[in-house]
Amino acid sequence: MHPTTPTDPTKPSAPLPDRSAALIRRIDTAHPYVLSLFRVVVGLLFACHGLGSLFGVIGPAAGPEVDTAATGDWPIWYAAVIELVGGTLVMLGLGTRTAALLCSGEMAYAYFDTHAPEGLIPLDNGGEIAAFYCWAFLLLVCTGPGPLSLDRLLRGRRR
């Protein structure tokens, strides 16, 4: 028996078995469509936050004695408008990168203005949702909307 030697990270690894390679090819094929689905879900959930804050129709803000954001009240009303409009645009895949950048910035502001003064760690300061949305939208800024979007549909018609 020969002693095992550690693998050298500079050398190419052995080819994957056929099943693993086939699975990776299938995942790679689905990647753009999963990205589109991710965009739709994140945008929809974000828009729901705006609906709840502005109109009290969804989530914990819904009910007969609803506390909605007063028109023009800084920063909550403006944040709710960004959530509703930006989330809807991201969900539809229309102006995705710009809308996602605005939404990411709003969530970064929310995190550092509201949550970070209570401590830097999101689990300690209640800022997990703000941190997640900030990074999810930043990911969409970098990746774009994916193939199933109004951006792609409209771009295809212009050609």
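How many residues apart in helix H5 are tyrosine 133 and phenylalanine 137? They are 4 residues apart, which means a separation of about one helical turn within H5 (residues 128-143). The legends below describe a predicted model.

**Figure 1. Overview of the predicted all-chain fold, with its helices in order.** The protein contains 6 helices and 0 strands. Read from the N terminus, the order of elements is α-α-α-α-α-α. The chain has 159 residues, and 29% of the residues count as buried. Of the contacts between residues at least 6 apart in sequence, 65% join residues at least 24 apart.

**Figure 2. The aromatic pair of tyrosine 133 and phenylalanine 137 in H5.** The whole structure holds 8 aromatic pairs. In the pair formed by tyrosine 133 and phenylalanine 137, the ring centres are 5.9 Å apart and the planes make an angle of 20 degrees, an arrangement classed as stacked. The angle falls in the stacked class because that class takes planes under 30 degrees apart. Both partners are buried: tyrosine 133 has a relative accessible area of 6%, and phenylalanine 137 has a relative accessibility of 0%. Ring pairs also join these two residues with Phe46 and Phe132 in a cluster.

**Figure 3. Surroundings of phenylalanine 137 in helix H5.** Which residues does phenylalanine 137 contact, leaving aside its neighbours within four places in sequence? The contacts are Val42, Phe46, Val90, Ala100, Cys103 and Ser104. Among these, Val42 and Phe46 are also part of the H1 side of the contact with H5, while Ala100, Cys103 and Ser104 belong to the H3 side of the contact with H5. Glycine 43 lies 94 residues from phenylalanine 137 along the chain, and the C-alpha atoms of the two are separated by 8.8 Å.

**Figure 4. Contact of helix H1 (residues 18-55) with H5.** The two axes come within 11 Å and cross at roughly 135 degrees. H1 and H5 are therefore oblique to each other, and H1 passes H5 in a left-handed crossing. From H1, the contact takes in Leu35, Phe38, Arg39, Val42, Leu45, Phe46 and His49. These meet Tyr133, Ala136, Phe137, Leu139, Leu140 and Thr143 of H5. By residue class, the contact of H1 with H5 has 10 nonpolar, 2 polar and 1 charged.

**Figure 5. Contact of helix H3 (residues 96-115) with H5.** The axes of H3 and H5 are 8 Å apart, and the packing angle is about 155 degrees. That angle makes H3 roughly antiparallel to H5. The crossing of H3 past H5 is left-handed. On the H3 side the contact is made by Arg97, Ala100, Leu101, Cys103, Ser104, Met107, Ala108, Tyr111 and His115. On the H5 side, the residues include Tyr133, Cys134, Phe137, Leu138 and Val141. The residues of the contact of H3 with H5 comprise 15 nonpolar, 3 polar and 1 charged.

**Figure 6. Tyrosine 78 in helix H2 (residues 76-92).** Is tyrosine 78 buried, exposed or partly exposed? With a relative accessibility of 37%, tyrosine 78 counts as partly exposed. Leaving aside neighbours within four places in sequence, tyrosine 78 is in contact with Gly72 and Asp73. Its C-alpha atom is separated by 9.6 Å from the C-alpha atom of glycine 50, and the two residues are 28 apart along the chain.

Definitions and conventions. Residues numbered from 1 in each chain as written. Predicted model: local features only at pLDDT ≥ 70, side-chain atom pairs only at ≥ 80, totals over all residues. Heavy atoms only, no water. Phe/Tyr/Trp six-rings, centres within 6.5 Å; stacked < 30°, edge-to-face > 60°. Helix = DSSP H or I, 4+ residues; strand = E, 2+ residues; numbered from the N terminus. Buried < 20%, exposed > 50% of the residue type's maximum accessible area, 1.4 Å probe, protein only. Axes fitted to C-alpha atoms, helices over the stretch in contact; angles between N-to-C directions. Parallel < 35°, antiparallel > 145°, perpendicular 65-115°, else oblique. Left-handed = near helix turned anticlockwise from the far one by under 90°. Contact = heavy atoms within 4.5 Å. Nonpolar A, V, L, I, M, F, W, Y, C, P; charged D, E, K, R; others polar.
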